[in-house]
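Open your viewer and get ready to click along. We will go from place to place, and at each stop you will hear what to select and what is there.

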Amino acid sequence: MAETNGTTNGAVLDIPQTYVGTRTVRPDGVDKVTGRARFAADFNLPGQLVGRVLRSPHPHARIISIDTSKAQALPGVKAVITRDDFADQASELIPAGEMMMNYRDVVRNVMAREKVLYEGHAVAAVAATSVAVAKKALKLIDVKYEVLPHVIDVVEAMNPSAPVLHPDLFTAGVEPKPDKASNVAKRIEIAIGDIEAGFGKADVIVEREFNTAPVHQGYIEPHAALATVSEDGTAEVWVTTQGHFIVRAHCARLLGMDISKIRVTASEIGGGFGGKTVVYLEPLAVALSRKAKRPVKMVMSREEVFKASGPTSGANIRVKLGASKDGKFVAGYAELRYQAGAFPGSPVQPGVFCAFAPYDMENVKVVGYDVVSNRPKVAAYRAPGAPISEFAVESVVDEIAKKLDIDPVELRLQNAAREGTKAAYGPKFGPIGLTETLHAVEKTNHYTTPLQPWQGRGVASGFWFNIGGETCASLTVNEDGTVSLVAGTPDIGGLRASLAAVAADELGVPYEKVRPIIGDTGSIGFNFLTGGSRSCFSGAMAIVEAAKEIKADLCRRAAKLWDCKPEDVEFSHGAVRAKGAAAGKHTPMTVADCAKVAGKTGGPIGGTGRINAQGAGPSFGTHLVDVEVDPETGRVTILRYTVAQDAGRAIHPSYVEGQFQGGAVQGIGWALNEEYIYGKDGKLQNAGFLDYRMPVASDLPMIDAILVEVPNPRHPYGVRGVGETPIVPPMAAIANAIEQATGVRFTELPMSPPKVLKALRERGLNTREALRSGNGKNGHGKNGH
Amino acid sequence: MRYEAPDSLDSAVALLAAAPGDARVLAGGTDLLVQMRADVLEPELIVDIKKISETRTVTEEKGGWRIGAAVTGAELRENARLKQAWPGLVEAANLIGSTQVQGRATLGGNLCNGSPAADSVPALIAAGAMASLVGPKGRRDLPVEDVMLGPRKLALTKGELVASFLLPPRPRGSSDAYLRFIPRTEMDIAVVGAGVSLTAEGGRVTAARVSLGAVAARVLLVQAAAQAIIGSTLDDAAQDRLEAAARAACQPIDDKRGTVEFRTQVAGVLARRAALIALERARNS
Amino acid sequence: MAKHHVAATVNGDEVEFLCETEETLLDVLRDTLHLTGSKEGCSSGDCGACSVTLDGRLVCSCLVLGCEVDGRKIDTIEGMAKGETLHPLQQKFLEQAALQCGICTPGFLVAAKSLLERNPNPSETEIRFWLAGNLCRCTGYDKIIKAVMETAGDMRRA
């Protein structure tokens with residue numbers, strides 16, 4: 001029987017796997033293809049009011065006064081809230097996905113208190129009987145600001161002369177403690193070995209500086225919430241979120257309510273990627289509903305999503321990597337400066353941890369700085385922190401390969417972390433699949449297809465450590481033998497299908513007889529949010545536990561029914577069976593058979609898994625990309641893309657492939673065109689899908705997905721989380737490909753056409769004469785490198 | 001906010017002329033509705049012109065073509081004869097936005113939205129199109145290059161609207177092409193747009209018009225670029241002259257979509273590429 | 001201010017509604033007719049999640065006013081299946097996992113259906129350019145394009 005920390009993949013489990021590993025149709029699918037599925041904005045309650053938020057027009061200002069009297073007096077306005085409706089919160093750090101947050105900052109981000117710290121910062125909110133009245137009411141709120149100088153860029157924000165956002169922010173992690181407040185919230189460092197000595201032994205050293213612009217998760221569904229508060233103070237909330245238990249916790253805390261008095265239902269979610277692991281509208285909707293005594297529905301516009309919900313950091317990175325002439329990495333140093341937005345808490349720590357982690361290195365030092373600046377507080381974005389640091393490191397690895405004339409895949413294989421490698425940030429890796437993904441890429445037809453002039457091929461690897469976490473899931477066997485499954489982590493794309501497959505195989509029932517739902521916070525125990533690539537990993541583990549309870553229970557019932565000893569009964573191959581002394585004496589009973597006599601044998605049949613899932617295994621990936629550069633315009637076209645990634649065990653191969661492809665394409669956008677563009681006035685200039693340029697279907701080729709499976713020995717099915725790793729390698733892979741196509745190393749993201757064209761022109765590479773003489777760049781050396 | 005959908009030009013003109021506040025013409029709505037939703041515009045009156053037959057018809061007239069101001073890009077694309085006669089104009093109109101947007105967007109709206117980055121305008125100007133304006137004082141025709149005077153600044157007076165466009169007859173051996181540069185492959189506003197219409201005899205360019213969009217405060221008709229290639233076979237020397245003339249005409253800005261340097265550089269490239277396509281099409285016509 | 005009285009056909013059913021001038025067809029579909037299958041992703045015509053057909057023409061419903069559709073025929077995602085029988089595209093999307101979060105799925109299905117009605121044998125490039133106005137952030141488009149191509153093949157052979 002499988003243990004939570006026990007055996008490897010299904011070959012060792014005594015469960016025939018009919019559904020796990022196959023491409024079942026997801027149980028929630030029909031509603032999604034017919035438009036019936038309800039996302040948060042699709043919910044309505046009778047008598048509901050429209051909630052709208054008044055947002056700061058200034059990137060940095062002190063709030064002198066807020067006068068809401070005229071708005072309150074407007075007919076149709078049923079409630080107005082400001083900072084006065086939220087009690088201040090003491091400083092307390094809490095986990096949120098792979099990042100930490102502080103309630104003192106959360107309450108201020110949700111509703112500005114002393115200052116507004118970014119354009120779009122919420123200052124007040126109204127609930128009114130119509131959109132028109134709500135809009136009019138916002139215009140009637142009079143806010144007096146004292147405008148302050150602002151700072152956006154991370155390096156500028158670190159300058160001692162920069163405008164300081166928080167007068168009580170003193171850099172943590174430096175000795176002695178600074179006596180002047182600054183925008184540097186903390187400094188962190190990891191180190192192993194001796195990098196001075198290491199660099200001293202290097203035959204080749206590459207040192208580079210990189211800059212990345214902030215990018216947004218880009219979910220198509222804007223934030224939305226519907227809240228209704230009764231006269232006795234109980235609240236119900238429907239919201240699009242990655243963590244409805246987290247929403248419950250935050251609302252309870254911010255509004256001074258008992259947790260049990262808030263029931264949060266997670267609607268279907270139209271994308272999150274980490275951006276919906278925090279609260280924005282929910283506490284406002286609850287506060288407004290409490291005041292108005294009517295349901296309040298709030299939906300962000302696309303402009304609000306860009307201006308007021310957390311994108312990820314922009315960053316400045318310096319990387320120095322040294323290698324011996326036969327390709328061994330002897331020392332690695334990196335400095336990461338990440339923007340946190342208006343409040344501390346950028347993902348610089350995971351960025352620091354991941355930077356050199358794919359490689360087995362004796363001497364590593366990585367320093368990170370968490371820096372605040374006047375833009376929205378950053379939220380997690382798919383492997384938060386790692387895409388940025390690994391963009392830099394994987395670019396430098398490529399340069400080392402070129403300098404040493406070693407194939408870039410071979411160089412990575414030579415240095416790859418394997419089972420037993422100790423990462424610079426602490427853990428020793430168990431079995432991992434980095435080398436398998438490198439070999440998989442090497443074996444593809446893609447790897448050896450010849451290239452034309454102005455085309456280039458690039459490769460990069462990456463990983464994410466993944467998390468487990470608190471998870472509850474339940475299985476109930478209904479009277480007719482069908483099974484109801486309740487999970488507690490919102491399904492962002494394929495979870496219900498995966499969990500249903502696990503439950504069906506565990507209990508030996510047909511897949512179609514298992515109906516999964518995502519339970520609201522009142523129906524199931526605490527679940528940490530969907531993030532950290534944990535929902536299938538932890539959910540499957542919890543389902544296994546729930547199934548164990550049921551199987552043990554059915555054995556007890558059968559033992560009574562058959563009047564035999566407990567050790568003579570077992571559950572295997574979908575039925576309770578007599579064995580040992582009682583073998584052959586009783587007809588096996590399937591789950592459905594047991595359900596028929598449930599009442600007589602002890603009552604309803606069910607099981608719950610309540611775990612804090614441990615043993616999350618890292619997922620490594622390697623990406624290979626071909627690009628073509630138009631030397632006259634700087635446009636970069638992705639010609640071909642291959643992803644090879646270790647899933648441990650793919651419960652549902654199609655949805656695992658989907659994660660590979662979706663993450664890769666987000667990385668393509670990050671590499672080529674996505675960026676937050678600020679004016680000198682500190683205001684966002686591209687707060688819409690027109691000028692925040694995410695990849696469209698015509699920009700891309702097919703994304704070939706290669707499923708590698710190195711089972712995670714600490715999961716009953718061998719599962720590794722897969723959702724985040726795919727966004728880590730693309731930017732470096734593309735930069736490496738562009739370098740091969742043009743001879744130019746780009747160190748700034750995005751590598752948009754004006755930048756590419758400028759670089760080509762500066763090097764005289766695209767004059768009419770150069771192009772006419774057929775001076776097309778192409779790869780040279782091994783495998784086109 | 002009032003909404004009227006008159007079925008005659010006279011009624012439309014009367015409504016627009018009499019409107020006390022901001023009155024807007026509604027054709028496809030792909031700019032107007034976006035601006036209203038963003039609270040950039042709050043018209044007092046919307047005049048929907050799609051019930052007026054002149055705005056919705058495409059007819060051959062006097063050897064040329066009369067295209068209603070509210071004919072959609074998709075309808076233009078589905079008109080096989082027009083597409084064959086003016087492939088550049090039709091492809092320009094069908095680069096605006098997405099398939100969904102092309103299902104509604106119109107030449108009239110694209111011009112009167114007043115953006116120098118409009119995709120169909122360089123093609124219209126290169127074609128030598130005339131805009132037929134109807135207003136309280138009657139009808140007048142203006143070359144399209146004289147309609148948009150600057151960003152959001154039109155030559156229309158109060159009560160005037162664009163009813164249709166007239167494309168001139170063109171001799172045999174003529175064709176046109178429109179190219180734009182955008183960072184992605186679809187959906188972006190043009191960073192540079194280049195429309196070229198030309199006539200060729202025996203491989204030699206005998207007449208040409210070159211228009212550039214998104215590189216100045218209005219869409220440019222670049223006489224010098226046309227002169228650079230008239231009389232030539234578009235050999236390397238002519239191409240270089242064309243690029244240089246196109247670049248010299250640019251007065252672009254730095255904005256979130258492109259830099260001065262980038263726009264100027266690419267304007268030359270696109271003018272050349274569009275001219276080559278137009279010449280190839282003219283040879284095959 | 002008086003509202004407009006509009007009579008139209010939606011998914012084959014005759015409907016009547018009142019709307020303000022500034023209400024878009026998307027607003028009317030979702031808030032007045034309670035057809036929430038068409039989604040609001042941007043309100044600026046840049047994401048395609050609100051796609052419907054208007055007299056057979058693929059459009060963004062956020063770019064059409066409610067008062068413009070008097071006497072017109074509108075088809076939304078809710079009308080794509082016939083009773084319990086899914087349209088081949090809907091079925092294929094399910095089988096091929098051509099959706100993850102599903103928010104863009106109604107728009108893609110309406111747009112793809114419109115394409116196949118006009119062009120039963122589209123190339124991969126033609127499909128990608130036709131669907132360029134539909135944003136997806138989850139799938140990277142790969143499985144969506146494959147599903148449309150396969151469905152086109154199935155429908156040609158049927």
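How many salt bridges are counted between chain B and chain C? The count is six, where a salt bridge is a side-chain nitrogen of Lys or Arg within 4 Å of a carboxyl oxygen of Asp or Glu.

Before going on, know that this is a predicted model, in which local features need pLDDT of at least 70, side-chain atom pairs count only at pLDDT 80 or more, and totals for chains, interfaces and linings use all residues. Residues are numbered from 1 along each chain as its sequence is written, chains are lettered from A and ligands numbered from 1 in the order in which they are written, and side-chain values use heavy atoms, with hydrogens and water left out.

**Stop 1: chain B against chain C**

Select Lys50(B) and Glu68(C): their side chains meet in a salt bridge, 2.4 Å from N to O. Nine residue pairs are also in polar contact across this interface, both residues at pLDDT 80 or more. (A polar contact is a pair of N or O atoms within 3.5 Å; within protein, one must be able to donate a hydrogen and the other to accept it, and residues adjacent in sequence count only if both atoms are side-chain atoms.)

Now colour the side of chain B that touches chain C. By class, this side has eleven nonpolar, eight polar and nine charged residues. (Ala, Val, Leu, Ile, Met, Phe, Trp, Tyr, Cys and Pro count as nonpolar, Asp, Glu, Lys and Arg as charged, and the others, Gly among them, as polar.)

Widen the selection to both partners: 28 residues of chain B and 31 residues of chain C take part in the contact, meaning heavy atoms within 4.5 Å. Together the two chains bury about 2300 Å², with 59% of it on carbon and sulfur atoms. (Buried area is the accessible area, taken with a 1.4 Å probe, that two parts lose on being put together, summed over both.)

**Stop 2: chain C against chain A**

Next, select 42 residues from chain C and 49 residues from chain A, which make up this contact. About 3800 Å² is buried here, and carbon and sulfur atoms give 60% of that area. Highlight Leu94(C), Gln100(C) and Arg137(C): they supply 22% of the area that chain C buries against chain A, more than any other three residues.

Four salt bridges are counted between these chains. For one of them, pick Asp42(A) and Arg30(C), whose closest N and O atoms are 2.8 Å apart.

**Stop 3: two helices of chain A**

Show α11 (residues 386–404) and α20 (residues 730–742) of chain A, which pack at an angle of about 35 degrees with their axes 8 Å apart. (Helices are DSSP runs of H or I, at least four residues, and strands are runs of E, at least two, numbered from the N terminus. Axes are lines fitted to C-alpha atoms, for helices over the stretch in contact, and angles run from 0 to 180 degrees between N-to-C directions.) Residues in this contact include Phe391(A) of α11(A) and Met731(A) of α20(A).

**Stop 4: loops of chain A**

Which kind of peptide bond joins Glu175(A) and Pro176(A)? It is cis, with omega about -5 degrees. Pro176(A) sits in the loop between α5 (154–158) and β9 (184–192).

Jump to Leu749(A) and Pro750(A), also joined by a cis peptide bond, with omega near -5 degrees. The loop holding Pro750(A) runs between β29 (748–749) and α21 (753–762).

Finish at Asn466(A), in the loop between β18 (455–464) and β19 (469–477). Phi of Asn466(A) is near 65 degrees, a positive value in a residue other than glycine.
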